[in-house]
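Open the model in a viewer and keep the sequence panel beside it. The stops below go from the whole chain to the ligand, then to single elements and residues.

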Amino acid sequence: MFIVKKTIKEKDYYYLRQSIRENGKVKAKTICYLGKDKEEAKKKAKEFKVKEKENEMDEERIETKVEHKKLNIDELTNFCKRKGFVYPSGDLYGGLAGFWDYGHIGSELKKNIKDSWWAFHVQEREDIVGIDGSIITNPKVWEASGHVGNFIDIAVVCKKCGNKTKIDKHELGKIVCEKCKGEFTSIGEFNPMFTTQVGPIKDDSLKAYLRPETAQLIFTNFKLVQENARLKLPFGIAQIGKSFRNEIAPRNFIFRSREFEQMEIEYFIDPSKTKECPFLTKEIENLKVNIYSAKMQEKNSEQTEMSIKEALDKKIIMLPWHAYWLATELNWFFNLGANSKNFRLRQHTKEEKSHYATDTWDIEYNFPFGWKELQGIADRGTYDLSKHEKHSKKDLKIMDETTNKKILPMVVAEPSLGVERAFIVFLLDSYSINERKNIILRLHPKLSPIKVAILPLVKKESSMVNLSREIYENLKKELKITYDDSGSIGRRYARNDEIGTPFCITIDEESIKKKDVTIRNRDDGKQIRVKIEKLKEILRSLVSGKILFQNL
Ligand code: GAP
């Protein structure tokens, strides 16, 4: 909008005009007459613009119904590229299968997933500490762990459609092609570890590996960490970091990548105390879960919903420790807003289970391409520590202070989760559409890439801009926020809804007079006014989930 002056018979007349596009042509249209005095005209124009923005905001005050929308994996891939979540790595040159880059929004979501996992599993617990191991280590580690000799994928190709994939040894001859139900034929065995050379001069160099899991670094550092952190059984060691696997068939977006990140815990107990889990509370026992036991799989029957207690009583889950860890890992997802209906606990069948494990379970998720492993919760016994004792010829036993005897602890549970798979789950479960067909990404505020958007109603109104900048400066040290002043207020809300920003703060004319602002809630469009002096505290509580918007 702009002011124009018309001079008729030496007298000035002021008008407010606006550029509009009509039939592909830009035209100027008079909005209103502003009078004969220049200063008076400027004042009236300003009031008019503010009023119009306020009307726009009134229109946006409509509360809308929001519904979840199921996406297929290609739709999710496109959405992630369009909105700055994930790009194919080296996209300029056509990408590289199995490698992905995270954009300005995706890198925040990924970081928030890892931070929430770390807070829940390490920061908030007395019995778990974290480490950060290196990606390349002494290759003897991978010989001892069995990865050099036994970490083998079988590559198969479908006789009918040519689809290449990997399968487990026990699946050979038993499963058919997912795409066309054709028969598979084996094209060989491959070790998926990436190799590299340590030392630039080839003759003096050492062949080494990029780690295929973070777990072994926990075992090799086990004794040092236990002693230095003065850990007493039962205890856990956690790690988040990159892993690399030269997958035969990377596919389904970031679900199976060649470079990915794992969040892993090795939880150690005294092997004579497998039945004593001190953490099994009523709340955990009452948690209802979908169970898909080995027996149900043998009989080709459906999964069944039951409580953790029922699964333990019926001896479907054998150890209380396993029940505890399965429920704990599910609760991490559920507390962050994932939909429990899309999760199930699948027990490993006899053929899948390692010889040293009492029982092993996967958390599976109903991905757009079917039920697939989201997180493994293996029972590794004393397998890894014994192997490292044997190969390194070092004693890894620890002193049990109650009996004064040295024992080699067992890993009763190894919760191991890929960050990328959690990333897909949170996006799929939060993707929604409102009545106007706008995308609303209903992420838990803890996971939202941007927590708050600061929106001055009129970008050229200096008192509004000054107050907005002041609020922005005051909040930015504490929360990841954005300042957005371009486009209509409706467009700005929609832009933030799409990337999951839970709260928009609008600063209008009233804000200057009454020292208050509007908080708009992403999930239903509801708005409330709060005093600026209370804003930081309220946002802190909303983002941490301490209070809900509807309870304000
Ligand atoms: N330390 C145990 C271990 O690595 P795994 O079942 O091979 O066990 C654990 O991997 C988790 O790591 C999987 O449940 C999955 O979430 C993630 N993961 C494994 N391979 C992956 C890949 N190629 N791409 C993305 N995530 C992967």
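Accessible areas here come from the Shrake-Rupley method with a 1.4 Å probe. On that basis the chain has an accessible surface of about 28,100 Å², and carbon and sulfur atoms account for 48% of that area. Keep in mind throughout that this is a predicted model.

**Whole chain**

Show the C-alpha trace first. Along its principal axes the trace spans about 105 × 60 × 60 Å. Switch to a cartoon, and 17 helices and 29 strands can be picked out in the chain. Of the 552 residues, 51% are buried. Of the contacts between residues at least 6 apart in sequence, 63% join residues at least 24 apart.

**Ligand**

Select the ligand and the residues around it. Which residues are the closest to the ligand? The shell has 19 residues, and the closest are E213, E247, E264, E373 and L374. Colour the shell by residue class: eight of its residues are charged, six are polar and five are nonpolar. Three strands each supply at least two residues of this shell: β14 (259-269), β19 (370-378) and β22 (410-418).

Next, display distances from the ligand. On R245, a polar side-chain atom lies 2.8 Å from a ligand oxygen atom. At L374 the atom to pick is a backbone N or O, which lies 2.8 Å from an oxygen atom of the ligand. At F255, a polar backbone atom is 3.3 Å from a nitrogen atom of the ligand. On its own the ligand has 550 Å² of accessible area, and the protein covers 88% of it.

**Strand β14**

Stay with β14, one of the strands that supply the shell. Ten of its eleven residues are buried, so the strand is largely enclosed by the rest of the structure. Add β13 (residues 235-244) to the selection: β13 and β14 pair in the antiparallel sense over ten bridges. To find the register, look at G236, which stands opposite Y267 in β14.

Now add β22, which runs antiparallel to β14 and is joined to it by six bridges. Where in β22 is the bridge partner of E264? The partner is S416. E264 is also among the residues closest to the ligand.

**Helix α13 and S430**

Move to α13 (residues 419-430) and select S430 in this helix. S430 has a relative accessibility of 4% and counts as buried. A polar atom of its side chain lies 2.8 Å from the backbone oxygen of F426. Leaving out residues up to four places away in sequence, S430 touches I440, L441, R442 and L443.

**Helix α15**

Select residues 489-498, which form α15; eight of these ten residues are buried, so the helix is largely enclosed by the rest of the structure. The buried ones are I489, G490, R492, Y493, A494, N496, D497 and E498. Following α15 is G500, with a positive phi near 85 degrees.

**Helix α17 and S541**

The last stop is α17 (residues 532-544), where S541 is found. Is S541 buried or exposed? Buried means under 20% relative accessible area; S541 has 10%, so it is buried. Apart from residues up to four places away in sequence, S541 touches K546 and I547.

Notes: Residues numbered from 1 in each chain as written. Predicted model: local features only at pLDDT ≥ 70, side-chain atom pairs only at ≥ 80, totals over all residues. Heavy atoms only, no water. Near = heavy atom within 4 Å. Polar contact = N/O pair within 3.5 Å; in protein donor to acceptor, adjacent residues only side chain to side chain. Helix = DSSP H or I, 4+ residues; strand = E, 2+ residues; numbered from the N terminus. Nonpolar A, V, L, I, M, F, W, Y, C, P; charged D, E, K, R; others polar. Buried < 20%, exposed > 50% of the residue type's maximum accessible area, 1.4 Å probe, protein only. Contact = heavy atoms within 4.5 Å. Pairing = 2+ DSSP bridges.
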